Amino acid sequence: MICSRTFRRCTVALWLGATGLAVPDAEAQVLRRPLPDKLVVLTFDDAVVSHATYVAPLLRKYGFGATFFVCEFREPAFVDKTKYMSWAQIRQLHRRGFEIGNHTLTHKHVNRMSREQLTAELDSVETRCQAYHIPRPVTFAYPGYDTAPTATTLLPARGYQLARAGGSRAYDPTTDHPLLIPSFSTSGTNKQQVLDALQQAREGRIVVLTVHGVPDLAHDWVTTPPALFEEYLRYLHEQHYKVIALRDIARYVNVAEAQRTIQPRYENLK
C-alpha cells in the first residue's frame, strides 16, 4: 500500500515502484525538510547605489536576508556612482551578511551569447568578487529574464546551485528546476500585485521577489518608491514571513538532486 501524506511538502512519503517494493518518494528526495508557509526570497538586481545606501540598512532593521545580483553594464554607465554601487560598497553588503550573486558583467542576455561569451561574463564577476574578498557566487540571475539551455548546462559546471528568472509565479521546488526559479517583479506602484503574490507562499511554494533600485535612478521604469518598499518590509515583518537570500533555499532543497531529476522548462519565465 502507498504511505499516506497530507501535503506535497511531506519529506518521508513512500510509494510502490514497479517491483512492488517501497522506494523513496521523488519529492522526498528533492526536499531536505518540509517547507514552511510564508517563506520569501528577496533579490535585488543591477548593483544600484540605493541598495547600499537605503535598502541594506532597512533589511538589517528587520533582520531580513537578501541576495544582491551585481553587474557593471557597459562603460561608461558603471562609473557613475550617483547611480551604481562601487565594489567597495558591494563588499560591504557581503560583510553585513547579504549574498552577492552573479548577474553577468555587462547585463547581456544569455540567449544572445555563446557558451564562451557567457563563461567570460561569469568569470569577470567572479574575478572581481575574488579581488574584493567576496565569496565566489553560487547563484545567478538572468538579465532581462531571458533563459537558455546554454546557461542551465554551464552554470552547474561552474558551481552555481540556483538561478532566478521571471514569470510572475511562485517557485515549486518539486517541479521547477533550481536553475530556472520563477519570481515576481516589484516596479512602480504595483502594490496589490505584490501583496497578492505573497499570499502564494504556502503549501510547498516559495515566493521570490525581484526588486531593482529603491529608487532606481538609472532605470526609472523598474524603480520602486522607497516609502512603498518600506511598506512591503513592514508587512512581511508584521505578518511573520521568513525572508531569506536565494542561497538559503539550499537549506530546504537538495539542489544537486533537483538539478539531476527535474527537467528544465524554459517557457513562462519572462
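**Notes on helix α4 and the aromatic pairs**

1. Let me start at the end of a helix: α4 is followed by H133, and the phi of H133 is positive, near 60°. Please keep in mind throughout that this is a predicted model.

2. The length of helix α4 checks out nicely. The helix covers residues 115-131, and at 1.5 Å a residue its 17 residues should span 24 Å. The C-alpha atoms at its ends are 24 Å apart, which agrees with that expectation.

3. Which residues of α4 are buried? They are L118, E121, L122, S124, V125, E126 and C129. You may like to look at E121 and E126 in the viewer, since both are on that buried list.

4. What do the buried residues of α4 pack against? Their partners include three strands, β4 (67-70), β5 (99-102) and β6 (139-141). Two helices, α3 (87-95) and α5 (149-157), are also packed against by these residues.

5. Turning to the rings, the structure holds nine aromatic pairs. One of them joins F44 and F229 in an edge-to-face arrangement, with 5.9 Å centre to centre and 75° between the planes. F44 belongs to strand β3 (residues 39-45) and F229 to helix α7 (residues 226-238), so this pair ties together parts that are 185 residues apart in sequence.

6. Are the two rings of that pair buried or exposed? F44 is buried, with a relative accessible area of 0%. F229 also counts as buried, because its relative accessibility is 3% and the cut-off for buried is under 20%.

7. A further pair worth a look is F73 with Y84. The ring centres are 5.5 Å apart and the planes stand at 45°, so the pair is tilted. F73 and Y84 are 11 residues apart, and each is in the loop between β4 and α3. Both residues count as buried: F73 has a relative accessibility of 15%, and Y84 has 4%.

8. F44 and F229 return in a wider grouping: together with F68 and F98, they form one aromatic cluster. I would suggest displaying these four residues together when you view the cluster.

9. Finally, two lysines are placed over aromatic faces. K38 lies over the face of Y241, at 5.4 Å from the ring centre. K81 lies over the face of F78, and here the distance to the ring centre is 3.4 Å.

Technical notes:
Residues numbered from 1 in each chain as written. Predicted model: local features only at pLDDT ≥ 70, side-chain atom pairs only at ≥ 80, totals over all residues. Heavy atoms only, no water. Helix = DSSP H or I, 4+ residues; strand = E, 2+ residues; numbered from the N terminus. Expected span 1.5 Å × (residues − 1). Buried < 20%, exposed > 50% of the residue type's maximum accessible area, 1.4 Å probe, protein only. Contact = heavy atoms within 4.5 Å. Phe/Tyr/Trp six-rings, centres within 6.5 Å; stacked < 30°, edge-to-face > 60°. Lys NZ or Arg CZ within 6 Å of the ring centre and 35° of its normal.
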